[in-house]
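User: I would like to go through this model step by step, with the reasoning set out for each answer. Please begin once the structure is in view.

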Amino acid sequence: MHRLFTAIFFLFLLTAGASAQEHYSEAIAAFKELSKIDFALSDIADILLTESLYSRSEYADAMKYGLKVYESEAKIPDVAKGMVCDRIARMYNNGRGVPVDKEAARMWWERAEKFGNTNAQDAMLWIRSLKF
């Protein structure tokens, strides 16, 4: 239970802005611990880890947690799965944390598009216009 409260506290700090900078590594550690727990909050932690790590250019770890979210059997909202698929597509498209793989990027953007992600919809319009 202590881990849960710690993770929630650090979530608050991460979303607060400036004060989050000094506590970032503690927040990530708390979310990683929360991610190990087998219940719904672990999926939330994985989603938040994917976004936080991606925004901090920690792409290899963002990929790891993003794949975990996508492969989860839990009922995760489409908006969250779409965001994760979009992040994975961007990593493949730009070679961030993985080798550049345009076909993999397209596949992940197609998945994100199915979840209603507007960034992916825009990317797929561009790809289709180029016959990529």
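User: Leaving aside neighbours within four places in sequence, which residues is Thr50 in contact with?

Analyst: This is a predicted model, and in it Thr50 has its place in helix H3. At 0% relative accessibility Thr50 counts as buried, since buried means under 20%. Once its neighbours within four places in sequence are set aside, the residues in contact with Thr50 are Ala62, Tyr65, Gly66, Val69 and Val84.

User: Which backbone oxygen does the side chain of Thr50 reach?

Analyst: Tyr65 is among the residues in contact with Thr50. The side chain of Thr50 comes to 3.5 Å from a backbone oxygen, and that oxygen belongs to Tyr65.

User: What is the mean pLDDT of the protein, and which element has the highest mean?

Analyst: Over the protein the mean pLDDT is 80, with 69% of the residues reaching 70 or more. Among the elements, the lowest mean, 55, is that of helix H1 (residues 2-16), while the highest, 95, is that of H6.

User: How far apart are the end C-alpha atoms of helix H5?

Analyst: Helix H5 covers residues 78-94, and at 1.5 Å a residue its 17 residues should span 24 Å. The model agrees with this expectation, the distance between the end C-alpha atoms being 24 Å.

User: How many of the residues of H5 are buried, and which residue follows the helix?

Analyst: Of the 17 residues of H5, 13 are buried, so the helix is largely enclosed by the rest of the structure. The residue that follows H5 has a positive phi, near 65°, and is Gly95.

User: Which residues is Asn93 in contact with, leaving aside its neighbours within four places in sequence?

Analyst: Asn93 lies in helix H5, and its relative accessible area of 13% makes Asn93 buried, because the cut-off is 20%. With its neighbours within four places in sequence left out, Asn93 is in contact with Val100, Lys102, Ala105 and Trp109.

User: Where do the buried residues of H6 lie around its axis, and which residues are they?

Analyst: The buried residues of H6 are Ala104, Ala105, Trp108, Trp109 and Ala112. They cover an arc of only 135° around the axis, which puts them on the same side of H6. An α-helix has 3.6 residues a turn, so residues three or four places apart point the same way. The answer is therefore one side of H6, holding Ala104, Ala105, Trp108, Trp109 and Ala112.

User: What covers the buried residues of H6, and which exposed residues does the face turned away from its buried side carry?

Analyst: The cover over the buried residues of H6 includes helix H4 (59-71), H5 and helix H7 (118-130). On the face of H6 turned away from its buried side, the exposed residues are Glu103 and Lys114.

User: Which residue has a side-chain oxygen that reaches the backbone nitrogen of Glu103?

Analyst: The contact lies at the start of H6, where a side-chain oxygen reaches to within 3.2 Å of the backbone nitrogen of Glu103. The residue that supplies this oxygen is Asp101.

User: How many salt bridges does a search of the whole structure find, and what parts of the chain does the pair of Glu51 and Arg87 link?

Analyst: Searching the whole structure gives six salt bridges. In one of them the side chains of Glu51 and Arg87 meet, at 2.9 Å from N to O. The pair links distant parts of the chain, 36 residues apart, namely helix H3 (residues 40-55) with Glu51 and helix H5 with Arg87.

User: Is Arg87 buried or exposed, and what of Asp86?

Analyst: The side chains of Asp86 and Arg87 also meet in a salt bridge, with 3.2 Å from N to O. Glu51 is partly exposed, at a relative accessible area of 26%. Arg87, with a relative accessible area of 14%, and Asp86, at 0%, fall on the other side of the 20% cut-off, so both residues are buried.

User: Which residue forms a salt bridge with Arg128, and which residues do shared partners join into one network?

Analyst: The closest N and O atoms of the Arg128 pair are 3.0 Å apart, and the partner is Glu113. This pair links helix H7, which holds Arg128, to helix H6, which holds Glu113, across 15 residues. Elsewhere, salt bridges that share partners make one network of Glu51, Asp86, Arg87 and Arg90.

Methods
Residues are numbered from 1 along each chain as its sequence is written. Side-chain values use heavy atoms; hydrogens and water are left out. Helices (H or I, at least four residues) and strands (E, at least two) are DSSP runs, numbered from the N terminus. The expected span of a helix is 1.5 Å times one less than its number of residues. Buried means under 20% relative accessible area, exposed over 50%, partly exposed in between (1.4 Å probe, protein chains only). The arc is that of the directions from the helix axis to the C-beta atoms. Contact means heavy atoms within 4.5 Å. A polar contact is a pair of N or O atoms within 3.5 Å; within protein, one must be able to donate a hydrogen and the other to accept it, and residues adjacent in sequence count only if both atoms are side-chain atoms. A salt bridge is a side-chain nitrogen of Lys or Arg within 4 Å of a carboxyl oxygen of Asp or Glu. pLDDT is the predictor's confidence in each residue, from 0 to 100.
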